[in-house]
Amino acid sequence: MKTVYEFSVKDRKGKDVSLKEYANEVLLIVNTATKCGFTPQYDELEALYKKYHAQGFEILDFPCNQFGQQAPGTDESIHEFCKLNFGTEFPRFKKVKVNGDDADPLFKFLQEQKGFAGWDMNHQLTPILEEMLSKEDPDYKQKPTIKWNFTKFLINKKGQVVARFEPTENIENISKQIEELLK
């Protein structure tokens, strides 16, 4: 069975990083943006990181400019923004594309493993996303593509994708699943 450990990514300085470096850790892989309605989730992500990092949990942050051009700037300026405004300590990688022919291979794999998980209908941004995405493609829910910034993939200690969380998902639900995998 294929795992995330078969992939290499580029850190924000352009150096190759094998995901094998994260073997036996629980991972949350996230595509992010600095100018998005979901950008305040950096606070929630950092809280998760602080709570679970010592137990073998890692967040891998991949800025992505594909959704509304909401991750402008260089890899370094994005990193500085996140450290300054949200105090993030988790690893940030080079900006990637997550959809399309030139999508990063890791994100193609993640989508193959877990398709669209559905919106939290109680989230205030759900109606906006629904309207916008269904205008572009009435069948968007049937496709595994990443729909927006802050889509999260949860990876177990064996490198297998076990869950996908859309950006509207309540962080408490994610936290509970991380705790289960860390046991």
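Is glycine 68 buried or exposed? At 53% relative accessibility, glycine 68 counts as exposed. The views below start from the whole chain and then move to single sites. The model is predicted.

**View 1. The whole chain holds five helices and six strands.**
Read from the N terminus, the elements follow the order β-β-β-α-β-α-α-α-β-β-α. The C-alpha trace spans about 40 × 35 × 30 Å along its principal axes. The chain has 183 residues, and a compact globule of that length would have a radius of gyration near 16 Å. The chain has 15 Å, which agrees.

**View 2. Inside and outside of the chain.**
Of the 183 residues in the chain, 51% are buried. The accessible surface comes to about 8900 Å². Carbon and sulfur atoms supply 49% of that surface. Among contacts with a separation of 6 or more, 70% join residues 24 or more positions apart. The chain carries 26 positive and 29 negative charges. The mean positions of these two sets are 2 Å apart.

**View 3. Helix H4 covers residues 126-136 and has a buried side.**
Which residues of H4 are buried? They are Thr126, Leu129, Glu130 and Leu133. These four cover an arc of only 100° around the axis, so they sit on the same side of H4. The other side of H4 has exposed residues: Pro127, Ile128 and Lys135.

**View 4. Glutamine 41 lies in helix H1.**
Helix H1 spans residues 41-52. Glutamine 41 has 8% relative accessibility and therefore counts as buried, the cut-off being under 20%. What does glutamine 41 touch, apart from its neighbours within four places in sequence? Its contacts there are Phe150, Lys152 and Pro167. For scale, take lysine 147, which is 106 residues from glutamine 41 along the chain. The C-alpha atoms of glutamine 41 and lysine 147 are separated by 16 Å.

**View 5. Phenylalanine 150 is a loop residue in contact with glutamine 41.**
Phenylalanine 150 belongs to the loop between H4 and strand E5. Strand E5 runs over 152-155. Phenylalanine 150 is buried, with 0% relative accessibility. Its phi is positive, about 70°, although phenylalanine 150 is not a glycine.

**View 6. Glycine 68 and glutamine 69 share the loop between E4 and H2.**
Strand E4 covers 57-63, and helix H2 covers 75-86. Glycine 68 is exposed at 53% relative accessibility. Lysine 35 is 33 residues from glycine 68 along the chain. Their C-alpha atoms are separated by 9.1 Å. Glutamine 69 is exposed too, with a relative accessible area of 54%. What is the sign of phi at glutamine 69? It is positive, at about 50°, although glutamine 69 is not a glycine.

**View 7. Glycine 159 is buried in the loop between E5 and E6.**
Strand E6 covers 161-165. The relative accessible area of glycine 159 is 0%. Which residues does glycine 159 contact, leaving aside neighbours within four places in sequence? They are Thr3, Val4 and Tyr5. Lysine 20 gives another distance to follow in this view. Glycine 159 and lysine 20 are 139 residues apart in sequence, but 8.6 Å apart in space, C-alpha to C-alpha.

**View 8. Alanine 54 is exposed in the loop between H1 and E4.**
Alanine 54 has 82% relative accessibility. The cut-off for exposed is over 50%, so alanine 54 counts as exposed. Asparagine 24 is 30 residues from alanine 54 in sequence. From C-alpha to C-alpha, alanine 54 and asparagine 24 are 13 Å apart in space.

Terms used: Residues numbered from 1 in each chain as written. Predicted model: local features only at pLDDT ≥ 70, side-chain atom pairs only at ≥ 80, totals over all residues. Heavy atoms only, no water. Helix = DSSP H or I, 4+ residues; strand = E, 2+ residues; numbered from the N terminus. Rg over C-alpha atoms; globule rule 2.2 N^0.38 Å. Buried < 20%, exposed > 50% of the residue type's maximum accessible area, 1.4 Å probe, protein only. Contact = heavy atoms within 4.5 Å. Areas by Shrake-Rupley, 256 points an atom, 1.4 Å probe, with all protein chains shown as cover. Lys, Arg positive; Asp, Glu negative; His and termini not counted. Charge placed at Lys NZ, Arg CZ, Asp CG, Glu CD. Arc of directions from axis to C-beta.
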